[in-house]
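Visitor: I am new to this structure. Please take one part of it and walk me through that part closely.

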Amino acid sequence: MDEFEKLLEAERVSVERFVRFRLNSKADADDVLQEVFLAACQKFPQLKNKDSFKAWIISIARNKCNDYFRKKARLSLPQCP
């Protein structure tokens, strides 16, 4: 198990709780969590201080939740003819 997997395993429950609290739909929360974990995996080499992993991945989760709500709001706007 590499360093990313160890850190993620330690914080997985916190991240899942954070996202599921903000999104009503379990399916949508699962989709956002998948995006969070993928982004974190891709950007992990750029993380300089591994001690701040939890704050870092929670900030990714917050941004992905915000992206979800922005997209949802954009889709619910009435379309002009």
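Guide: Start at Trp56, which sits in helix H3. Keep in mind that the model is predicted. Is Trp56 buried or exposed? Its relative accessibility is 18%, so Trp56 counts as buried; the cut-off for buried is under 20%.

Now look at what surrounds this residue. Leaving aside residues up to four places away in sequence, Trp56 touches Ala40, Lys43, Phe44 and Leu47. Take Phe44 from that list. Along the chain, Phe44 and Trp56 are 12 residues apart. Their C-alpha atoms are separated by 9.6 Å.

Next, follow the helix that holds Trp56. Helix H3 covers residues 53-76, which is 24 residues. From its first C-alpha to its last, H3 reaches 35 Å. That is close to the 34 Å expected at 1.5 Å a residue.

Trp56 has company among the buried residues of H3. Phe53, Ile57, Ile58, Ile60, Ala61, Cys65 and Tyr68 are buried there too. What covers them? Helix H1 (3-22) and helix H2 (26-43) are included in that cover.

Cys65 deserves a stop of its own. Its relative accessibility is 2%, so Cys65 counts as buried. Where is the closest cysteine sulfur? It belongs to Cys41, 19 Å from the sulfur of Cys65, and that is too far for a bond. A disulfide needs the two sulfur atoms within 2.5 Å. By this rule the count of disulfides is zero. Cys41 is therefore in no disulfide, with the sulfur of Cys65 19 Å away. Cys41 is partly exposed, at a relative accessible area of 45%, whereas Cys65 is buried.

Step back to the whole chain. It has three helices and zero strands. Read along the sequence, the pattern is α-α-α. The C-alpha atoms fill a box of roughly 55 × 25 × 20 Å along the principal axes. Of the 81 residues, 30% are buried.

Contacts across the sequence come next. Take those with a separation of 6 or more. Residues 24 or more positions apart account for 60% of them.

Finish with the surface and the charges. The chain exposes about 6000 Å², and carbon and sulfur atoms supply 53% of that area. There are 16 positive and 12 negative charges in the chain. The mean positions of the two groups are 6 Å apart.

Definitions and conventions: Residues are numbered from 1 along each chain as its sequence is written. This is a predicted model: local features need pLDDT of at least 70, side-chain atom pairs count only at pLDDT 80 or more; totals for chains, interfaces and linings use all residues. Side-chain values use heavy atoms; hydrogens and water are left out. Helices (H or I, at least four residues) and strands (E, at least two) are DSSP runs, numbered from the N terminus. Buried means under 20% relative accessible area, exposed over 50%, partly exposed in between (1.4 Å probe, protein chains only). Contact means heavy atoms within 4.5 Å. Accessible areas come from the Shrake-Rupley method with a 1.4 Å probe; for residues, only the protein chains shown count as cover. Lys and Arg count as positive and Asp and Glu as negative; His and the chain ends are not counted. The place of a charge is taken as NZ of Lys, CZ of Arg, CG of Asp or CD of Glu. The expected span of a helix is 1.5 Å times one less than its number of residues.
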